[in-house]
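Subject: Structure handover

Hello,

The structure we talked about is below, followed by notes on what was found in it. Please read the notes with the coordinates open.

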Amino acid sequence: MTSPDDESPLRGVAQNAEASARYLTDIQRTLMNIGRKLETLQHETRVHLRSTHVEGDRWKEAHLRALPVEAAMKKTLRDLKKAVDDLERVTFKRRAHQEKVNALPAIRKEKQLAKARKKNPRQIQAAPGNPSESTQGVSGATGMGYGNPTSIHDLKRKSA
């Protein structure tokens with residue numbers, strides 16, 4: 001079991017997204033080096049085990065004896081490659097988490113402003129522009145190229 005003094009440097013790494021990424025990248029690089037060495041070991045073990053014949057062996061008995069060892073090495077390499085891929089995935093998710101945390105105050109402030117606008121719609125000010133448009137509102141769209149009347153209620157009744 002590790003003591004708390006051994007874990008304190010990792011506490012600082014865990015609190016910083018960039019330091020976490022560097023640390024995980026170093027571990028990933030180390031595991032990839034180990035993987036290359038294990039692949040070489042796997043190949044050399046395979047050659048040695050398949051060429052080891054005992055007196056009285058039939059044609060494929062050395063090959064059949066080597067299969068469990070080869071399967072175990074293959075499983076180990078597969079698990080190691082998965083661990084390397086998972087470390088890369090963790091690095092990306094850690095960075096995404098940090099970006100989300102950094103963006104959270106702005107998002108909350110924006111939601112709070114939207115909620116305040118929804119509760120008090122009169123506080124919304126009209127966009128600066130033509131003063132006649134701001135007094136007439138949306139229905140006074142004479143400056144936009146549309147002709148009068150602007151509403152069905154403004155139409156004069158015509159007989160059919």
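**Glu70 and its partner**

Glu70 is buried, with a relative accessible area of 14%. Please keep in mind that this is a predicted model. The side chain of Glu70 meets that of Arg50 in a salt bridge, at 2.9 Å from N to O. Glu70 belongs to helix 3 and Arg50 to helix 2, so the pair ties together parts that are 20 residues apart in sequence. Arg50 has a relative accessibility of 26% and therefore counts as partly exposed. The cut-off for buried is under 20% relative accessible area, which puts the two partners in separate classes: Glu70 is buried, while Arg50 is partly exposed.

**Overall layout**

The secondary structure of the protein chain amounts to 4 helices and 0 strands. Along the sequence this reads as the pattern α-α-α-α. Of the 160 residues in the protein chain, 12% are buried.

**Helix 2 against helix 3**

How do the axes of helix 2 and helix 3 cross, and how close do they come? Helix 2 covers residues 17–51 and helix 3 covers residues 61–119; their axes come within 10 Å and cross at roughly 170°. An angle over 145 degrees counts as roughly antiparallel, and helix 2 and helix 3 are therefore roughly antiparallel to each other. Sorted by class, the contact of helix 2 with helix 3 has 21 nonpolar, 9 polar and 10 charged residues.

Some C-alpha distances go with this picture:

- Ala17, in helix 2, has its C-alpha atom 6.5 Å from that of Gln98, although the two residues are 81 apart along the chain. Ala17 is buried, at a relative accessible area of 7%.
- Val47 is also placed in helix 2. From Val47 to Ala66 the C-alpha distance is 9.5 Å, with 19 residues of separation in sequence. Val47 counts as partly exposed at 46% relative accessibility, whereas Ala66 is among the buried residues of helix 3.
- Tyr23 is placed in helix 2 and is partly exposed, with a relative accessible area of 37%. The C-alpha atoms of Tyr23 and Val13 are separated by 7.6 Å, and the residues are 10 apart along the chain.

**Helix 3 on its own**

What span should the 59 residues of helix 3 have, and what do the end C-alpha atoms give? At 1.5 Å a residue the expected span is 87 Å, and the end C-alpha atoms are 82 Å apart, which agrees. Helix 3 does have a kink of about 40° at Leu104, shortly before the proline Pro105.

The buried residues of helix 3 are Ala62, Ala66, Glu70, Met73, Leu77, Leu80, Val84, Leu87, Thr91 and Arg94. As background to that list, an α-helix has 3.6 residues a turn, so residues three or four places apart point the same way. Glu70 appears in the list of buried residues and is the helix 3 partner in the salt bridge with Arg50.

**Other salt bridges**

A search of the whole structure finds 8 salt bridges. Besides the pair described at the start, these are worth looking up in the viewer:

- Lys75 forms a salt bridge with Asp79, and their closest N and O atoms are 3.2 Å apart. Both residues lie in helix 3, 4 residues apart, about one turn of the helix. Lys75 is partly exposed, with a relative accessible area of 44%, and Asp79 counts as partly exposed at 37% relative accessibility.
- Asp86 and Lys82 have side chains that meet in a salt bridge of 3.4 Å, N to O. Asp86 and Lys82 both lie in helix 3, 4 residues apart, about one turn of the helix. Asp86 is partly exposed, with a relative accessible area of 27%.
- Lys82 and Asp86 are also linked with Arg89 in a network of salt bridges.

The Lys75–Asp79 pair sits within helix 3, as does the Asp86–Lys82 pair, while the Glu70–Arg50 pair joins helix 3 to helix 2.

Regards

How values were computed. Residues numbered from 1 in each chain as written. Predicted model: local features only at pLDDT ≥ 70, side-chain atom pairs only at ≥ 80, totals over all residues. Heavy atoms only, no water. Axes fitted to C-alpha atoms, helices over the stretch in contact; angles between N-to-C directions. Helix = DSSP H or I, 4+ residues; strand = E, 2+ residues; numbered from the N terminus. Parallel < 35°, antiparallel > 145°, perpendicular 65-115°, else oblique. Nonpolar A, V, L, I, M, F, W, Y, C, P; charged D, E, K, R; others polar. Expected span 1.5 Å × (residues − 1). Bend = angle between axes of the 7 residues up to and from the residue. Buried < 20%, exposed > 50% of the residue type's maximum accessible area, 1.4 Å probe, protein only. Salt bridge = Lys/Arg side-chain N within 4 Å of Asp/Glu carboxyl O.
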